[in-house]
Amino acid sequence: MAVPAVLAILLVSVPVAARPDIGALLLAVGDGTPGFSGDGGPAKAARLNRPYGGAVAPDGTLYIADTANHRVRAVTPDGVIRTVAGDGSPTGTEGPIPAGARGTAISLALPGELAIGSDGTLFIADGPAFRVYALATDGTISLSLDSATGRDVLDRPMRFPRGLAVTESGTVYVSDRENNRVVAITSDGSVRVVAEVVAPNGLAVDGQGDLWIAAQDLYRMRGEVSSPILEPNPGRWTAGDGSAPVPPDDALGNVRSVAVQAADVHVVDEARHAIRGLRTDGTVRTVADLGTVSLDAGPLDLASGAAAGSRVYLIDMVGSRVYLVDASQPVPPAAPERDPFRPWLPGAGVLVLAVAAVAVVPRRRPSPPRPGRRSSEDCTPPDEVGGVQAPGVSGR
């Protein structure tokens, strides 16, 4: 099994101090020290190890890919954490999965992005193993797809699965980042390419069934049409027609993560170092200015759900914590960040990570990024809320 460069981040010890609520971010899971502990107890006191990926179920349960612990964990609305998939070993299960196997009986190499189907099934992307698992509500697990999926119709095999999203009808979207495309697998097993974009990462499906793709740019796919998302005027967004290159100053920003909360779409806008919300009335709202909360350097991911009242969570991989995003108070728009290294390279330790990542991963040659902007590959691990009480979050 090829060793992904996300291990360069996972294997380097980065000491962090546990932080309580910071600004618009309310601590939900993790005490800030990488490790594994806490199952059966309060989520805030538990230890995670480089979590990367999450999803929120309609009942308010938060699922977290506890990546370096090789597990998937669930935090129920009462704030209790438990393991639902992965036995903690890093090898990654190979071969067929026996019928009725429990999720906690298989090995997950590096679980990453998660998505929840309308029936409550949790889909788990295990990148190094080239697999996506389906965890049923009764705790049993099965194989949804692997590297052999679609070989009879795709021109090249799928590689490291990244983002995941699931429609109401059961179609699973997978961002096949190494091949610069998004693939759809329908409930009857048919496979097709639905979009070809540079370095696709996070995916989300909104209440209208539109697919959102966080790649070098942010895209919305409505029907068969894929459109780049533009911000031609401050605080307003629109969908381009895709007939011409996106003007650099009109692009929404360098977006690596996207999540849907009810009717709104939330993104981590790396150009502004902020969480921003795209509303259905065409406005863009800054939900949290990440430049003011002193998060540790490293990848940040969003988790939410399309159900009304679902919460939005920010997953801090290097800090080994998860925060609830408090969107109740308006935040002044953050100024665009023109120095592409400020959010990601504040210290020599992270620079070492970046160099190590380049050294161990075969580099593709995607289309060059536009001048003055980072491609999503520069700020991504190369391989790798509402009527419901938030898990582990009490009122302030």
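A polar contact is a pair of N or O atoms within 3.5 Å; within protein, one atom must be able to donate a hydrogen and the other to accept it.

**Figure 1. Polar contact of His-70 in the predicted model.** The side chain of His-70 comes to 2.5 Å from the backbone oxygen of Ala-109. His-70 sits in the loop that links β3 and β4. Its relative accessible area is 14%, under the 20% limit, so His-70 counts as buried.

**Figure 2. Surroundings of His-70.** Leaving aside residues up to four places away in sequence, His-70 touches Ala-85, Gly-86, Asp-87, Gly-88, Ser-89 and Pro-90. Leu-108, Ala-109, Leu-110 and Pro-111 are also in contact with His-70.

**Figure 3. The largest nonpolar core.** This core holds 19 residues, and those with the most contacts inside it are Tyr-63, Val-72, Leu-114, Leu-122, Ile-124 and Ile-141. Two or more residues each come from β3 (62-66), β4 (71-75), β5 (81-85), β6 (111-116), β7 (122-126) and β8 (131-135). In soluble globular proteins, nonpolar side chains tend to be buried together.

**Figure 4. Contacts of Tyr-63.** With residues up to four places away in sequence not counted, Tyr-63 touches Gly-53, Gly-54, Ala-55 and Ala-57. Further contacts of Tyr-63 are Arg-73, Ala-74, Val-84, Leu-114, Ile-116 and Leu-122.

**Figure 5. The protein chain as context for the close-ups.** The chain has two helices and 25 strands. Of its 396 residues, 58% count as buried. The accessible surface of the chain is about 15,600 Å², with 54% belonging to carbon and sulfur atoms.

Conventions: Residues are numbered from 1 along each chain as its sequence is written. This is a predicted model: local features need pLDDT of at least 70, side-chain atom pairs count only at pLDDT 80 or more; totals for chains, interfaces and linings use all residues. Side-chain values use heavy atoms; hydrogens and water are left out. A nonpolar core is a set of buried Ala, Val, Leu, Ile, Met, Phe, Trp, Tyr and Cys residues joined through side-chain atoms within 4.5 Å. Buried means under 20% relative accessible area, exposed over 50%, partly exposed in between (1.4 Å probe, protein chains only). Helices (H or I, at least four residues) and strands (E, at least two) are DSSP runs, numbered from the N terminus. Contact means heavy atoms within 4.5 Å. Accessible areas come from the Shrake-Rupley method with a 1.4 Å probe; for residues, only the protein chains shown count as cover.
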